[in-house]
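Q: Please take a close look at one strand in this structure. I would like its surroundings, its pairing and its setting in the whole.

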Amino acid sequence: MSQVQSPQLEVQGVTLTFGGLNALTDVSLSVPQGEIVSIIGPNGAGKTSLLNCISGFYHSTRGRITFGGHDLSRAAPNVVTGYGIARAFQNLELFRGLSVVENLLLARHTHLRYSLLDSLAFYGRASRQEAENRAYVERVIDFMELEQHRAHPVGTLAYGIQKRVEVARALTLAPKLLLLDEPMAGMNVEEKEDMVRFILDIQREQGITIVLIEHDMGVVMDISDRVYVLDFGQLIAGGRPAEVSADPRVIEAYTGVAEEQQAVGA
Amino acid sequence: MPASRFTQTGNYRTKYQQDQTIFATYAEQLSLIVLIGLLLLLPLILPKTMLRDVNMIMIYAVAVIGLNITTGYTGLINIGQAAFMGVGAYATALAATRLNLPFFLAIPIGGLAGALVGTFVGLPSLRLKYLYLAVATLAFQIIFEWGVGHTPLLAQGGAISLPQVQVLGVKATFFNHNFVWYYLILPVLVVMGLLWRNVLRTKHGRSLIAVRDNDRAAAAMGINPGTAKIMAFMIGSFYAGIAGGLFAYFQKAVVIEDYGLHISIQLLAMAIVGGLGSLPGSFLGPLFIVALDRIVGSGSQWLGSLNIFPAGVDAATALRPLSFGLAIVLFLMFEPRGLANWWRLSRLYFKKWPYKF
């Protein structure tokens, strides 16, 4: 490692319990600024739970999560968003009846600074800020190549496009840290390649730190700066992609213990 | 540039600010101005009894816009809108009789009182959703009626009469009461409608719709769902309070019966028939429900004149609630998007008529 970067997101000893069941057990990891960090693991390993803890939808039973000096452990989701953390959901949580533009405009909520009285009059401040924001939204639409779907209700778009809108909406929040929960699930190869290109562009051009949950090992190993592996709510490995993929515990978690090894052990 | 700004069919906008406009073409803008102009002439041709109904429709329309804000746009079922109207009415009555304030101050005080109480009643919405919240607003309706009935200051629900108003030298009397109030209610309705239309194109309007559609995602967008819900209750009950203040003056007195549970249900019916979450629907709903009631009323008078019922039986007592209920059921079954959808479809038809492309 060339230099130690100041870590941005710090997860320290987080335990999440649902009525006696530990979804997460003593998970600690750090996400340095500007990196793509992937969290992998078998289904039900607790990846999304961890993301929910970070983004404020769950509050961890024990442990601490900090981001740039802010304590996220007890913060509400909208407060976490205010700190500069945006999230794209695994199961599309878009406003289906609204158009793409309207969905993205919603993400500008915290960037608009006018009062309800300005809204009622819609003159001067409100009108001007709305126009500026529309311009911002259009830049994101440009960046995510959604121009032709701009005015369509999101519910009518193809699944792959909806996934892209989900990422675009998170990006419109102008975050410092972007949490992507399986942005490529259910996509074909071409769509995956597009999405990978977008993720790399987001990181390189805009300098946004990315936490990625993904099942496609090829993608994860290719684009990640750092990989963490969760299994049954416990962190079993973490490090550079090459180190992680060679880790015997990781191989065991994914493929199970080979039969002859079991036989030898028994 | 399009050939004409009145009939343009394409999108010729070059600035985002132009995209914010409410009306797509000058023709649409002009049609609204013409409509308001015609409405200004309406009292000159309408018979007096119908003018009274039109006034009532307009006041209910203000309350229904408010109900649409909480229930239609934000998705918080509110079965206490009449009680919020009542809060406004009583506040207006007290301001007018105890403080001797003129009507143009007393009615806004009614609105503010409604907003204040609405904000407080909206607090359960932080914890409750859907039907459970509806029951909480129903509880407020009951508490309101009981509370008024036990407060000597509010005449225990009996009549508190309001003074007649004087506008621009014209004194409202027994003979021109409906006429004068028509010209006072119409501008209030137009302004209240425009204000809400403005809010709809800003972050505040969007945040309410976001909370209705998906409050998890709304929170992830940095919107505080609790604040949005409280705001919806605050604005919605402000509209109810203004409507209540108008109704108090319009009825010349405040009586608890005007703000009972059945009125809340009626307002909800107006919102549903008009189309939940639609501004044109907020005008069409009250129009439909009041007109239906009057038509059924005169229809049963005709039935009575046929002498097929025993003497002393009025068909209206049965037919009015029956037709009211039937209308709601039929709308829920066949046109859940309400009259606003018919309005939308007919506009779409005329936009392309005869052969624009």
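A: Here is the strand, followed by its chain and the partner chain.

This is a predicted model, in which local features need pLDDT of at least 70, side-chain atom pairs count only at pLDDT 80 or more, and totals for chains, interfaces and linings use all residues. Residues are numbered from 1 along each chain as its sequence is written, while chains are lettered from A and ligands numbered from 1 in the order in which they are written.

The strand is E9 of chain A, residues 226–231. Helices (H or I, at least four residues) and strands (E, at least two) are DSSP runs, numbered from the N terminus. Five of the six residues of E9(A) are buried, so the strand is largely enclosed by the rest of the structure. Buried means that 20 or more other C-beta atoms lie within 10 Å of the residue's own; exposed means 12 or fewer, partly exposed in between, with C-beta atoms placed from the backbone.

Now the pairing. Two strands pair if DSSP finds at least two bridges between them. E9(A) runs parallel to strand E3 (residues 36–40) of chain A, and four bridges join them. Here Ser38(A) stands opposite Val227(A). E9(A) also runs antiparallel to strand E10 (residues 234–239) of chain A, with five bridges. Asp231(A) has Gln234(A) as its bridge partner in E10(A). E9(A) and E10(A) form a hairpin with two residues between the strands. Phe232(A) takes a positive phi near 50° in that hairpin.

Next, the chain around it. Chain A has 11 helices and 10 strands. Its radius of gyration, taken over C-alpha atoms, is 20 Å, close to the 18 Å of the globule rule for 266 residues, so chain A is as compact as a globular protein of that length. That rule is 2.2 Å times the number of residues to the power 0.38. Buried residues make up 41% of chain A. Of the contacts in chain A between residues at least 6 apart in sequence, 65% join residues at least 24 apart. A contact needs C-beta atoms, placed from the backbone, within 7 Å.

Finally, the partner. In chain B, 24 residues are in contact with 29 residues of chain A. H7(B) gives the most to the side of chain B that touches chain A, with six residues. Chain B averages a pLDDT of 86, and 95% of its residues score at least 70; pLDDT is the predictor's confidence in each residue, from 0 to 100. For the complex, the predictor gives an ipTM of 0.80 and a pTM of 0.85.

Definitions and conventions: Contact = placed C-beta atoms within 7 Å.
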